[in-house]
Amino acid sequence: NARQKREKKGFDWIVANPATELGAGFGTETNRVTLVGEEGAEELPMQHKHEVAEILLDRVQDAVSSGS
């Protein structure tokens, strides 16, 4: 679903998370997400949401720096 949504909306990436998984989604301090881009999908392990945000910001910064 995430791949189709990313392509339909023309996004570079989309972040998918299993909202019903214990410890992930809303109402928790942790999450497990999959970053889906043109080159494929990268699953991130369960971790604090602040750590997930830092990883995502690093990916964006890398893309901007490389001109992607």
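1. Aspartate 12 is exposed, with a relative accessible area of 59%, in a model that is predicted. The residue belongs to the loop that runs between H1 and E1. Once residues up to four places away in sequence are set aside, aspartate 12 touches Arg6, Val36, Gly37 and Glu38. Its C-alpha atom also lies 10.0 Å from that of valine 60, although the two residues are 48 residues apart in sequence. The assignment as exposed follows from the cut-off, because the term requires a relative accessible area over 50% and aspartate 12 has 59%.

2. The sheet to which that loop leads deserves a description of its own. It is an open sheet of 3 strands, in the order E1-E3-E4, and the pairing is antiparallel. Strand E1 (13-16) and strand E4 (40-43) occupy the edges, and since each has a single partner strand, one side of each is left without a neighbour in the sheet. On average, and with direction ignored, neighbouring strands of this sheet are turned by 20 degrees against each other.

3. The pairings can be followed residue by residue. E1 and E3 are joined over 4 bridges in the antiparallel sense, and within this pairing isoleucine 14 stands opposite valine 36 in E3. On the other side, 4 bridges likewise join strand E3 (residues 34-37) to E4, again with the two strands running antiparallel. There, leucine 35 has glutamate 42 in E4 as its bridge partner, valine 36 faces alanine 41, and glycine 37 is placed opposite glycine 40. The connection from E3 to E4 is a hairpin that passes through 2 residues. Valine 36 therefore appears in both pairings, being opposite isoleucine 14 of E1 and opposite alanine 41 of E4, with the strand term itself resting on DSSP runs.

4. In a regular strand the side chains alternate between the two faces of the sheet. For E3, Thr34 and Val36 point one way while Leu35 and Gly37 point the other way, and all are buried. Which residues does threonine 34 touch, not counting those up to four places away in sequence? They are Ile14, Val15, Ala16, Ala41, Glu42 and Glu43. Threonine 34, placed in strand E3, has a relative accessibility of 16% and counts as buried, because the cut-off for that term is under 20%.

5. Two helices should be read together with the sheet. Helix H1 (residues 2-9) lies across E1, E3 and E4, and runs at about 150 degrees to E1. Helix H2 (residues 49-66) packs on the sheet as well, touching E1, E3 and E4, and its direction makes about 170 degrees with that of E1. With 18 residues, H2 reaches 26 Å from its first C-alpha to its last, which is close to the 26 Å expected at 1.5 Å a residue. Just after H2, glycine 67 takes a positive phi of about 80 degrees, a backbone value that a reader may wish to look up in the model.

6. Valine 52 has its place in helix H2 and, at 8% relative accessibility, counts as buried. Beyond the residues up to four places away in sequence, valine 52 touches Asn31, Val33 and Gln47. With valine 33 the separation between C-alpha atoms is 7.9 Å, for two residues that are 19 residues apart along the chain.

7. Is asparagine 31, a residue in contact with Val52, buried or exposed? Asparagine 31 is buried, its relative accessible area being 11%. The residue lies in strand E2 (residues 30-31), and its side chain reaches the backbone nitrogen of glycine 25 at 3.2 Å. With neighbours within four places in sequence left aside, the contacts of asparagine 31 are Asn17, Gly23, Ala24, Gly25, Pro45, Met46, Gln47, Lys49 and Val52. Glycine 25 thus takes part in the distance just given and is also listed among these contacts, contact being defined by heavy atoms within 4.5 Å.

Methods
Residues are numbered from 1 along each chain as its sequence is written. This is a predicted model: local features need pLDDT of at least 70, side-chain atom pairs count only at pLDDT 80 or more; totals for chains, interfaces and linings use all residues. Side-chain values use heavy atoms; hydrogens and water are left out. Two strands pair if DSSP finds at least two bridges between them. Axes are lines fitted to C-alpha atoms, for helices over the stretch in contact, and angles run from 0 to 180 degrees between N-to-C directions. Buried means under 20% relative accessible area, exposed over 50%, partly exposed in between (1.4 Å probe, protein chains only). A polar contact is a pair of N or O atoms within 3.5 Å; within protein, one must be able to donate a hydrogen and the other to accept it, and residues adjacent in sequence count only if both atoms are side-chain atoms. The expected span of a helix is 1.5 Å times one less than its number of residues.
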